[in-house]
Amino acid sequence: MHEDANGDGRRVTGQVTPSGADQEFLSLERELTVLLRRARANQGEMAREMHPDLESAAYGLLIRLDELGGQRATELAAYIGVGKATMSRQLRALEELGLVAREPDPADGRAWLVTLTDEGRGRVGTVREARRARYVSQLAHWDRREVAELARLLHELNGVMER
């Protein structure tokens with residue numbers, strides 16, 4: 001159990017701050033802010049490890065392609081939350097770096113799928129493995145059930161946030 005502001009390990013629920021906000025949601029907002037700030041910094045670091053010229057935002061695209069395989073540019077744009085022009089620019093840069101390629105969509109000959117090249121797949125795999133090793137090292141003192149519970153809760157939170 002994690003200690004709250006009273007320091008005795010007991011969870012106090014329903015506390016309201018002088019501003020009228022629930023303490024639990026203020027704590028959640030604060031911790032998510034720290035987590036997201038660190039995640040953005042890590043994403044930039046991972047992108048640079050993959051290729052020194054890779055933009056931080058492109059890292060997420062490469063992970064998506066690694067997990068799902070070929071995707072249309074419009075699907076990637078919707079997933080990342082950017083417009084078609086921004087996506088086209090990012091994909092052009094990734095093509096120039098030799099990390100992605102476009103190929104005809106077998107389901108619709110007029111459309112193109114973006115896929116990882118062998119080079120892109122290898123670099124993504126190397127960086128993801130390094131990232132997982134870092135998590136293992138940083139959370140070595142955690143019980144595996146706690147790690148699984150954190151993953152479950154984050155998955156649940158991500159599902160709620162997508163709606």
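**Exercise 1. The end of H2**

Task: Find the residue just after H2 that takes a positive phi, and state the angle.

Solution:
- Work in the predicted model. Locate helix H2, residues 56-68.
- Step just past H2 to Gly-69.
- The phi of Gly-69 is positive, about 80 degrees.

**Exercise 2. The buried side of H2**

Task: Which residues of H2 are buried, and what covers them?

Solution:
- Apply the cut-off: buried means under 20% relative accessible area.
- In H2, Ala-58, Tyr-59, Leu-61, Leu-62, Ile-63 and Leu-65 are buried.
- Now look for the cover. Helices H1, H3 (73-80), H4 (84-96) and H5 (118-138) contribute to it.
- Strands E1 (100-105) and E2 (108-116) also belong to the cover.
- Set this against the whole chain: 22% of the 163 residues count as buried.

**Exercise 3. The two strands**

Task: Work out how E1 and E2 are joined, and in which direction they run.

Solution:
- Place the strands in the element order, α-α-α-α-β-β-α-α from the N terminus.
- Count the bridges between E1 and E2: there are 6.
- The two strands run antiparallel.
- Check the connection. E1 and E2 form a hairpin, with 2 residues between them.
- Take one pair as an example: Arg-102 has Val-114 in E2 as its bridge partner.

**Exercise 4. A histidine in a loop**

Task: Is His-51 buried or exposed? Identify its surroundings.

Solution:
- Start with position. His-51 sits in the loop between H1 and H2.
- Read the relative accessible area of His-51: 15%. The cut-off for buried is under 20%, so His-51 is buried.
- Look for contacts, leaving out residues up to four places away in sequence. His-51 touches Leu-97 and Arg-123.
- Finish with the side chain. A polar atom of the His-51 side chain lies 3.0 Å from the backbone nitrogen of Asp-53.

**Exercise 5. A nonpolar patch**

Task: Which residues form a nonpolar patch with about 220 Å² of accessible area together?

Solution:
- The patch is made of Leu-35, Leu-150 and Leu-154.
- Trace Leu-35 to its element: helix H1, residues 23-50.
- Classify Leu-35. Its relative accessible area is 43%. That falls between the cut-offs of 20% and 50%, so Leu-35 is partly exposed.
- Turn to the whole surface. The protein exposes about 11,400 Å², and carbon and sulfur atoms supply 54% of that area.

Technical notes
Residues numbered from 1 in each chain as written. Predicted model: local features only at pLDDT ≥ 70, side-chain atom pairs only at ≥ 80, totals over all residues. Heavy atoms only, no water. Helix = DSSP H or I, 4+ residues; strand = E, 2+ residues; numbered from the N terminus. Buried < 20%, exposed > 50% of the residue type's maximum accessible area, 1.4 Å probe, protein only. Areas by Shrake-Rupley, 256 points an atom, 1.4 Å probe, with all protein chains shown as cover. Patch = residues over 30% accessible without salt bridge, like charges linked within 9 Å, V, L, I, M, F, W, Y side chains within 5 Å. Salt bridge = Lys/Arg side-chain N within 4 Å of Asp/Glu carboxyl O. Contact = heavy atoms within 4.5 Å. Pairing = 2+ DSSP bridges. Polar contact = N/O pair within 3.5 Å; in protein donor to acceptor, adjacent residues only side chain to side chain.
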